[in-house]
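Biologist: I would like a close look at a single part of this protein, the surroundings of its ligand. Please go through them slowly, for someone in the first year of study.

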Amino acid sequence: MKLNVDALRYLSKDDFRVLTAVEMGMRNHEIVPAELVDRIASLKHGGTYKVLKNLLKHKLLHHDSSKYDGFRLTYLGYDFLAIKALVNRGVFLSVGRQIGVGKESDIFEVATEDGTVLAMKLHRLGRVSFRAVKSKRDYLRHRSSFNWLYLSRLAAVKEFAFMKALEEHGFPVPNAVDCNRHCVIMSLVQGYPLVQVKQLQNPEMVFERIIGLVIRLAEHGLIHCDFNEFNIMIDDDEKVTMIDFPQMVSVDHRNAQMYFDRDVECVFKFFRKRFNMSFHEIPDDIDDSEVDMDESGRPCFSSIAKGSGFLDKDLAASGFTRKDQEDIEKFVEGGIEKDADSGDEENEDGGLASELNESDISGVDSLHLVEQPTLNCDVDGRGEENEQKAEAGQTNGPETQDASDEEEDNETMISKDAELTKRLRNQNRRVIASVRGGRKNLASRNTYKDKGGRSSHNSKIQKQLSSW
Ligand code: ADP
Ligand code: MG
């Protein structure tokens, strides 16, 4: 997917406020009613309609009027929210060329203030495998257009947590820099995916290193599950770096043996085909591990002294919980179809999306960027920079809140949001009923109209958004 960040320069505080309001609304709406967006955003001087039109023009939102007048974020809209949050945190300043297209991600170069180039991975669950699984199983029937938001975020959180933990345990992985929403920032690997490498000085040594990694991962309680020539990078010194971790599982997983054998097989197959390797002379002390090899030279999963606790301790510490792991595994294995089959309208928009975290919406306040001549898509905050900074400084932005405050805010907001949602749903039903009955309903024509000054809107949401 093309990522044109030019529009970021021209978007105002109100634009981002409304974009964030749509994101918040998507926690429990597939399509967020325009009126709810208006209420959540509560623009000081009104004008949500105009802002929504502008966001539509830039393809940051999608308009859907099939059931009622509403909006949802596009991937681009979600990209912009993540990029702006990371830029505001000072993680990077500008976005450059695309360097990779994965099955379920787009990878770009980004540059920091001091000119360091990093890699930005934008997760795009739902692009390939999600749809494939969906078409097979027809699960998430009503939810496909907003579940990607939660699932892509989960994939990013998981990838970031694993990368950090693996790095701390001395594995050759990119340095995990930061993460926001569905976006992971990591160091740029100097090298090429193994799939592009036609010749190696020392294929046996590289092979041993790679198989050694699969074994060492298992010794640490992990299986990569997508360990192949696309996810192994190799540099000019034939140093190996592994990437792409959202699908990793624990050695306790019920299919662990199968996943382990599959990873091993991928490597064997690739080296046999590409480098004409035969495997009877592979030493059985790869990576100093005491692992039994079977008659074909493949490491036996059962003989590995598998570690434990890696997932629970290290990963939980970096924010990825066992529950997150279970959710993403369910997604990968298509195990959540029963939710979609419930047919319960009230629940239709609950579930996964409602777990989007408030903290993810936070911190998207001021934008202050400078030109980076080496990269082609610079993002610039223009004139509003100082005004925004000043405002952000005055308010106690959500990122500076402590965790318990934030939790409380979340709960209050969710309950108030639910109340509002219920009322809006009833209102929508009335509107639909009256339209079906042939009567022209005033409310349906005025959906976008600014309803400024309402006392019922959520003060917590106001607080969350006040840093715009
Ligand atoms: P996916 O999960 O979609 O397969 P990957 O993480 O495998 O995504 O990345 C896709 C491609 O992007 C890789 O094959 C590689 O070419 C490139 N890439 C990913 N991460 C980096 C990085 N840190 N440095 C350099 N290139 C990268
Ligand atoms: Mg990959």
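Modeller: Let us begin with one atom pair, keeping in mind that this is a predicted model: a backbone N or O atom of glutamate 104 lies 3.0 Å from an oxygen atom of ligand 1. The backbone of phenylalanine 230 also takes part, for one of its polar atoms is 3.2 Å from an oxygen atom of the ligand. With aspartate 244 it is the side chain that matters, since a polar atom there lies 2.8 Å from an oxygen atom of ligand 1. Taken on its own, ligand 1 has 550 Å² of accessible area, and the protein covers 90% of it. Several strands take part in the shell around the ligand: those that give two or more residues to it are strand S4 (94–101), strand S5 (105–111), strand S6 (117–123) and strand S8 (183–187).

If we now look at the shell as a whole, 20 residues surround ligand 1, and the closest of them are Ser105, Lys121, Val189, Asn231 and Asp244. Sorted by chemical character, the residues of this shell comprise 11 that are nonpolar, five that are polar and four that are charged.

For the setting of this site, we can step back to the protein chain, which contains 17 helices and 14 strands. The chain has 468 residues, of which 53% count as buried. Among its contacts with a separation of 6 or more, 73% are between residues 24 or more positions apart. The surface that the chain exposes amounts to about 21300 Å², and carbon and sulfur atoms supply 48% of that area.

One helix can serve as an example of how burial is arranged elsewhere in the chain. In helix H4 (residues 48–57), the buried residues are Thr48, Val51, Leu52 and Leu55. These four residues lie on the same side of H4, because they cover an arc of only 100° around the axis. An α-helix has 3.6 residues a turn, so residues three or four places apart point the same way. On the face of H4 turned away from the buried side we find the exposed residues Lys50 and Lys57. The buried residues of H4 are covered by parts of the chain that include helix H2 (13–25), helix H3 (34–41), strand S2 (61–64) and strand S3 (70–73). Just after H4, lysine 59 takes a positive phi of about 65°.

Key: Residues are numbered from 1 along each chain as its sequence is written. Chains are lettered from A and ligands numbered from 1 in the order in which they are written. This is a predicted model: local features need pLDDT of at least 70, side-chain atom pairs count only at pLDDT 80 or more; totals for chains, interfaces and linings use all residues. Side-chain values use heavy atoms; hydrogens and water are left out. A residue is near a molecule or strand if one of its heavy atoms lies within 4 Å of it. A polar contact is a pair of N or O atoms within 3.5 Å; within protein, one must be able to donate a hydrogen and the other to accept it, and residues adjacent in sequence count only if both atoms are side-chain atoms. Accessible areas come from the Shrake-Rupley method with a 1.4 Å probe; for residues, only the protein chains shown count as cover. Ala, Val, Leu, Ile, Met, Phe, Trp, Tyr, Cys and Pro count as nonpolar, Asp, Glu, Lys and Arg as charged, and the others, Gly among them, as polar. Buried means under 20% relative accessible area, exposed over 50%, partly exposed in between (1.4 Å probe, protein chains only). The arc is that of the directions from the helix axis to the C-beta atoms. Contact means heavy atoms within 4.5 Å.
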